[in-house]
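Subject: Structure handover

Hello,

Here is the structure you asked about. Please open it alongside this note, and my findings follow below.

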Amino acid sequence: MFPAPIEKSSRTAQITYQSMLPLALLLWLAPLLAVALFSVRPDTDFTIGNYWGIPSSWEMISNYSQVFNSSMPKYILNSFFITIPTVIGAVSLSAMAGFALGIYKFRFNLLIFFLFIAGNFVPFQILMVPVRDLTLDMGLYNTKTGLVLFHIAFQTGFCTLFMRNFIKALPFELIEAARVEGVAEWRIFWFVVLPLMKPALAALAVLIFTFIWNDYFWAVVLTQGEAAQPVTAGITSFNAQFRAMYHLMSAGSLIAALPPVAMFFLMQKHFIAGLTLGAVK
Amino acid sequence: MTTWYKKNQIAITPWLFLIPAMAMFVLYVVYPIAQSFNISLYKWDGLGEAEYVGMANYEKLLTRDRAFNISVWNNLKWLVFYLAAIPGGLFIALFLNQTVRGIRLYKSLFFFPFVISQIVVGLVFTWFYDPTFGLFNGIIGVFGIEPVNVLGDPELATYGIIAAGLWPQTAYCMILYLTGLNAVDPEQVEAARLDGAKGLKMLWYVILPQLRPATFIAFVVTIIGALRSFDLISIMTNGGPFGSTRVLSFYMFEKSLSEYGFRMGYGAAIAVILFLIMLVFISYFLWRMYQDEKGER
């Protein structure tokens, strides 16, 4: 193990390390903690300049309920209606594509695979004008469906890379054995490969959830207004509505950030497995 | 029909499984790239008739557009300084790669900034830099430095935003390195220790070579992140002050969907240039991955 385990060093080194940990964490998360502190202050604290002292009163409930009485809940609901279908769509499409690319040998296999990888690196901006146009033409501009369709298509690149590598690492004998038994190919996918892919499916689902929840660019390109916009875009209009009302803005931001954070803490193992794909050989 | 399918199943099935994903991908990713190249040759407001202007958009961009120059320079700054996330992430990973009690929670909490949306990160840092109440000025005040309005200063604003971006990006690199460190071969480390290697020497000659896959991925995601930077700029300065924090992706958005009329052709030309810059990196990444694929066969 590197660096050398701290248990093997002197008592003072151990104590120093143990006390440095919380200190470092406090520094690292200071900007966020500041916002959390803002979110429980009364607005008078901001007018009298009490930014960093103890809040003159604890207004957690009133601040957060004010946020819930704004358009915030609508935006958050939109985010869910955009994120969940995208996760299902992208994961299913890429599970199939990954199966095709990971199991079968055919011409263009590697070419198609690399096409998916390459698309994944592309700067979104090159897609912006045509995709916006396409969405308009389909009559899906400013709808959640329009946003979902694009997200599915774009995320399929990354997901296929992930799925294909995962499937390729499965023992091929399983498929051969099934074929010898005369099992149809689609049944091999459904009954042999899919059950083995559960960890990959879980990892991708949490990752895509976070990516899509946090998307801002496409939200402002393809939607406007309360009807379809997710919370990342909503928070900017919230920003305009509550300009300089820092306590409400802070509370709003924290609420907007909560679902992916909860997802991360609940599914940590899968999340990190997905994110660090390829970091170890 | 069914017997024919049964005979050729192995040849046909992969295509059946590929069609949905490929159809979506071609419609929304591959074809639009080609379209963007085409649109960039036109003058078009997005509604009326597009007028063919050949290379005029590019000519204007490259010779007469000061804002474009600023954006390219800022993109370069992003590329260079954003890479600090890699050593930064490695440093934190080394700091946290212990087995003391509660370390797992520490690791998760250090990773935290990556999970929140860049919009929230942007807001958080806007307040962090705020000249009247920001924590930043409080901190530098301790060292006797006069308050600075980071985001209001054209010279400093871009660096301020990059620093905000480094916060989640460093967390990402950290998690990559933590996973990498986990897989470092303990026998090699012990052998090197017996040979008297330690500290920086050990890190450089024994550990880092084993972390190469993690470093490669950290490099890929950081470069892509740097060239895609948009959210933070949009929320923290909206390109200002005086357009000093624009980058290509932001400038492109601004031109295409500007409130003074859409200039889709011009925007597409900016996007094409951004794409070409990215292509240099994409080719390198793909080449590296292709080498790996060949190696596995």
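Where in chain A is confidence lowest, and where is it highest? The low point is helix 3 of chain A, with a mean of 81. The high point is helix 5 of chain A, at 94. Keep in mind that this is a predicted model.

**Confidence**

The mean pLDDT of chain A is 89. In that chain, 99% of residues reach 70 or more. Chain B also has a mean pLDDT, given as 89, with 98% of its residues at 70 or more. Within chain B, helix 7 (residues 135-142) has the lowest confidence, at a mean of 86. Helix 4 (residues 85-96) of chain B has the highest, at 96. For the model, ipTM is 0.89 and pTM is 0.91.

**Chain A**

Chain A has 15 helices and 0 strands. Its C-alpha trace spans about 75 × 65 × 30 Å along the principal axes. The radius of gyration of chain A is 24 Å, whereas a compact globule of 281 residues would have one near 19 Å. Of those 281 residues, 47% count as buried. Take the contacts in chain A between residues at least 6 apart in sequence: 78% of them join residues at least 24 apart.

The domain assignment splits chain A into domain 1 (6-58) and domain 2 (68-275). Their centres, taken over C-alpha atoms, are separated by 34 Å. Where the two domains meet, 7 residues of domain 1 of chain A are in contact with 7 residues of domain 2 of chain A. On the domain 1 side, helix 2 (30-38) and helix 3 (43-47) of chain A are the elements that give two or more residues. Helix 2 of chain A gives the most, with 3 residues. By type, the domain 1 side divides into 4 nonpolar, 1 polar and 2 charged residues.

One helix of chain A is worth a look. Helix 11 (residues 198-213) of chain A has 16 residues. From first C-alpha to last it reaches 22 Å, close to the 22 Å expected at 1.5 Å a residue. Its buried residues include Ala203(A), Leu204(A), Leu207(A), Phe209(A) and Trp213(A). Thr210(A) is also buried there. What covers the buried residues of helix 11 of chain A? The cover includes helix 5 (72-103), helix 8 (144-168), helix 14 (246-266) and helix 15 (268-275) of chain A. Helix 5 (103-115) of chain B is also part of that cover.

**Chain B**

Chain B has 14 helices and 2 strands. Its radius of gyration is 24 Å, well over the 19 Å that the globule rule gives for 297 residues, so chain B is more spread out than a compact globule. The C-alpha atoms of chain B fill a box of roughly 80 × 75 × 30 Å along the principal axes. Buried residues make up 43% of the 297 in chain B. Among contacts in chain B with a separation of 6 or more, residues 24 or more positions apart account for 69%.

Helix 3 (residues 66-82) of chain B has 17 residues, which should span 24 Å at 1.5 Å a residue. Its end C-alpha atoms are 24 Å apart, which agrees. Buried residues in this helix include Phe68(B), Ile70(B), Val72(B), Trp78(B) and Tyr82(B). Ser71(B), Asn74(B) and Asn75(B) are buried too. The buried residues of helix 3 of chain B pack against helix 2 (56-64), helix 4, helix 8 (157-182), helix 11 (212-228) and helix 13 (248-256) of chain B.

**Where the chains meet**

How many residues of each chain are in contact with the other? The count is 80 residues of chain B and 75 residues of chain A. Helix 1 (residues 2-39) of chain B gives the most to the chain B side, with 20 residues. That side divides into 62 nonpolar, 15 polar and 3 charged residues.

Pro14(B) is an example to zoom in on. Pro14(B) sits in helix 1 of chain B. Is Pro14(B) buried or exposed? Pro14(B) is buried, because 23 other C-beta atoms lie within 10 Å and the cut-off for buried is 20 or more. Leaving out residues up to four places away in sequence, Pro14(B) touches Ala100(A), Tyr104(A) and Phe106(A).

Best wishes

How values were computed:
Residues are numbered from 1 along each chain as its sequence is written. Chains are lettered from A and ligands numbered from 1 in the order in which they are written. This is a predicted model: local features need pLDDT of at least 70, side-chain atom pairs count only at pLDDT 80 or more; totals for chains, interfaces and linings use all residues. Helices (H or I, at least four residues) and strands (E, at least two) are DSSP runs, numbered from the N terminus. Ala, Val, Leu, Ile, Met, Phe, Trp, Tyr, Cys and Pro count as nonpolar, Asp, Glu, Lys and Arg as charged, and the others, Gly among them, as polar. Domain bounds come from an automatic or database domain assignment. The radius of gyration is taken over C-alpha atoms; the globule rule is 2.2 Å times the number of residues to the power 0.38. A residue is buried if 20 or more other C-beta atoms lie within 10 Å of its own, exposed if 12 or fewer, and partly exposed in between; C-beta atoms are placed from the backbone. The expected span of a helix is 1.5 Å times one less than its number of residues. pLDDT is the predictor's confidence in each residue, from 0 to 100.
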